[in-house]
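Trainee: Hi! I've got this one open on my screen. Could you walk me through it?

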Amino acid sequence: MAKLVINTWEKKSKISKEIYGQFSEHIGRGIYEGIFVKEDSPIPNVNGMRCDVVGALQKIKVPVLRWPGGCFADYYHWRDGVGPREKRKKIVNANWGGTVEDNSFGTHEFMELCRQIGCEPYICGNVGSGTVEEMSDWVEYLTFDGESPMAKLRAENGHPAPWKVRYWGVGNENWGCGGNMTPVQYGQEYRRYRTFCRNYGQNRLFCIAGGADVADYQWTRGVMETAAYAKSRPNMDALSLHYYTQPNTWEHKKRATEFELPDYYRGFARAFRMEELIVRHCEIMSQYDPEHKIGLAVDEWGAWYEVERGTNPAFLYQQGTMRDALLAAVQLDIFNRHSDRVVMANLAQMVNVIHSLILTEGSQMVLTPTYHVFELYREHQDAQLLGSWIEAGEIGDGESRIPGLSHTVSEKDGQYTLTVSNLSPVESVELDCYLLGAAPETYQGRILQADMVGHNTFENPDQVRIHAFDGIGKTASGMKFCLPPCSVVQIRFSQTAAFIPVGNVPDGCKA
C-alpha cells in the first residue's frame, strides 16, 4: 500500500494562479475557427469570440493568456492588426505553413477575448524583426491614459480608455526563430528594449526576458549576467523556459493515439525532466539574483506529437489522450512544488494546436482529457502549498523508470485540495493518507479515469470526463482510497481542529 502524509501545519509557497496560464499563437486553426469566428458567423459568438470556447475557458478560470506567439511574435507588427479590418494588411505567415494572415484578430480582438474569459493578457513583443520604437509604442497604445499619438490612435480605433496590461514578453526564442542571437547579444537587446517599455499611470509592467530552450544553461547564464540587473535593481521580473515533452525523436514522432507502453513510460520520464530543468536553471539564476527577485516563467510547455492524418503538418493539430492529461498533471505538480520560483506557466497551446485543452470542428467543440485536469486543479490557483511526503513504488520498463504517483496538496480559505495521479496504465494503487493537524468529518471527491489512449471525439465527446469519486474511506488518522490505473483524483475537505501526533506517521514518511 502506498502512503501519503499531509502536514497542514507546514505552509509553503503560494501557488501563483498564473502557473495555470495558456498560450495561443497564430498557427493553423488555433485562433481562427478555434477562438475567433467573426461577428457574422453562424457559430454563436460575442464580438466574434466563440461562446462555447469562452464558456469552457471561464469554467477552468484561465488566469493569463500569452499571445501572439511563439515564433509568430517575432514576425508580428502590431499596427497591421489595428484599425478597420477591411484596411488591415494581409501578410504571409511564413513560420506556419505560408498561409495568408489577414490580421482580423489583432490587439483589440485579443483584449476583448481576455475580457470575456476574465484573464490577464500576456503580450509577447517583437524583438527579432521589430524595433524598440515599435514595442514602446505598443505599450503606450495599450496603457497610456492621456494625450499622445498612440492614445489618440487607440481612441480612433474604438477604445478611448486604456487597458491594463501587466505581462510583457521581450521577444520569443531569440536563440532561434526570434533572431538566432547569442545570449549576450540578446541580453544587450533586452536591456535596450526594457529601457523604453514604460509604466503609464497605475499600470506596472511585469517584463519577462526570453529564456532558454530545454537545458541550454549557457543561455541562462549569459542573459542573467548581461541583463538581470541594472543599477543594482532587477531589470527583469522573470526569465522564460521552453520545454516540450516528446517520447520519440523529431524524425520518428508518433501520433497522439498511436503509441506502445515503451513510448508511454519514455514520455513520462521526459516529462519528469522538467523538475531537473527548473532546479538547474534556477541555480544559475540565483548566482546573479541571490534574493530571488526574478522568477521563472515556463511559458511554453506540453506534449508534442505527429499531426493527425489528413491535416496540414504546419498546423500542428493533434488529438489529446488520457496519457496527455496525466503528463499535464505531472508537470503542474512540478510547477506547484517549485512555486517559490515558478511564477507563471503557459500550456502550448489552448485550442487546436499541440497539447490543446479544446478541439473544434465547425460548430462542434470537444474538451480533451487535459482540459479536465485543469478543471480538477483549478482550486490550487493562489492557494498555499502544503508540506507532504509520499511513499510509493516506481513503475516502467528497463529503459524508463518513473514514480508511480504524483500529487499536489494546497489550502485556501480553510479549504484543502488534494490532487493525486496514478500513472500506471495497468495497476490500481491503494493509498493510505495521513493528515497532520486536521480531522475532517467529510471528504468530497472527483475522478478522471480512462485507459492510456482514451480520448474524446466529435462523435463521442464525453468518453473521458470527470465523475464523482465515492470510494474515500475515513480512517483514524486520515483517509484511504483506491486509485484506478491512469487516473487523476481530486479530494477536497475543510479543516476540523484536531491534533494528530507525529507518532501516527508511518515510518519512512517523516520529514
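Trainee: How many strands form the open sheet, and in what order?
Mentor: This is a predicted model, and in it 10 strands make up an open sheet. The order is β25-β24-β28-β22-β21-β18-β1-β23-β27-β26, with mixed pairing.

Trainee: Which strands are at the edges?
Mentor: Those are β25 (466-468) and β26 (473-475), and each of them pairs on one side only.

Trainee: And by how much are neighbouring strands turned against each other?
Mentor: On average by 25°, ignoring direction.

Trainee: Let me zoom in on β18 and β21. How many bridges join them?
Mentor: Two bridges link β18 (residues 384-391) with β21 (residues 405-412), and the two strands run antiparallel. If you want a residue pair to click on, Gln384 has Glu411 in β21 as its bridge partner.

Trainee: Which strands does helix α8 touch?
Mentor: Helix α8 (residues 322-337) packs on the sheet and touches β18, β21, β22 (415-422), β24 (444-449) and β28 (487-494). Its direction makes about 55° with that of β21.

Trainee: What about α9, where does that pack?
Mentor: Helix α9 (residues 369-377) packs on the sheet too, touching β22, β24, β25 and β28. The direction of α9 makes about 165° with that of β24.

Trainee: β24 keeps coming up. How many bridges join it to β28?
Mentor: Six bridges, and β24 and β28 run antiparallel. β24 is also joined to β25, by three bridges, and that pair runs antiparallel as well.

Trainee: Which residue stands opposite Ile447 in β28?
Mentor: Val489 does. In β25, the residue opposite Ile447 is His467.

Trainee: Now the loop between β25 and β26. Is Ile472, which lies there, buried or exposed?
Mentor: Ile472 counts as buried, because its relative accessible area is 18% and the cut-off for buried is under 20%.

Trainee: Which residues is it in contact with?
Mentor: Setting aside neighbours within four places in sequence, Ile472 contacts Tyr443, Gln444, Gly445, Met479, Lys480, Phe481 and Ile491. Take Tyr443: it is 29 residues from Ile472 along the chain, yet their C-alpha atoms are separated by 7.3 Å.

Trainee: Switching topic to helix α2. How many of its residues are buried?
Mentor: 10 of 11, so helix α2 (residues 107-117) is mostly covered. Among the buried ones are His108, Glu109, Glu112 and Gln116, along with Phe110 and Leu113.

Trainee: And what comes just after α2?
Mentor: Gly118, which takes a positive phi of about 90°.

Trainee: How does α2 sit against α3?
Mentor: The axes of α2 and helix α3 (residues 132-143) come within 12 Å and cross at roughly 50°. That angle is why α2 is called oblique to α3. The crossing is right-handed.

Trainee: Which residues meet there?
Mentor: From α2 you have Thr107, His108 and Met111, and they meet Trp138, Tyr141 and Leu142 in α3. The residues of this contact are four nonpolar, two polar and no charged.

Trainee: And α1 with α2, at what angle do they cross?
Mentor: Roughly 55°, with the axes of helix α1 (residues 51-59) and α2 coming within 9 Å. α1 and α2 are therefore oblique to each other.

Trainee: Which residues of α1 and α2 meet?
Mentor: Val54, Leu57 and Gln58 in α1 meet Leu113, Gln116 and Ile117 in α2. The split for this contact is four nonpolar, two polar and no charged.

Note on methods
Residues numbered from 1 in each chain as written. Predicted model: local features only at pLDDT ≥ 70, side-chain atom pairs only at ≥ 80, totals over all residues. Heavy atoms only, no water. Buried < 20%, exposed > 50% of the residue type's maximum accessible area, 1.4 Å probe, protein only. Helix = DSSP H or I, 4+ residues; strand = E, 2+ residues; numbered from the N terminus. Pairing = 2+ DSSP bridges. Axes fitted to C-alpha atoms, helices over the stretch in contact; angles between N-to-C directions. Contact = heavy atoms within 4.5 Å. Parallel < 35°, antiparallel > 145°, perpendicular 65-115°, else oblique. Left-handed = near helix turned anticlockwise from the far one by under 90°. Nonpolar A, V, L, I, M, F, W, Y, C, P; charged D, E, K, R; others polar.
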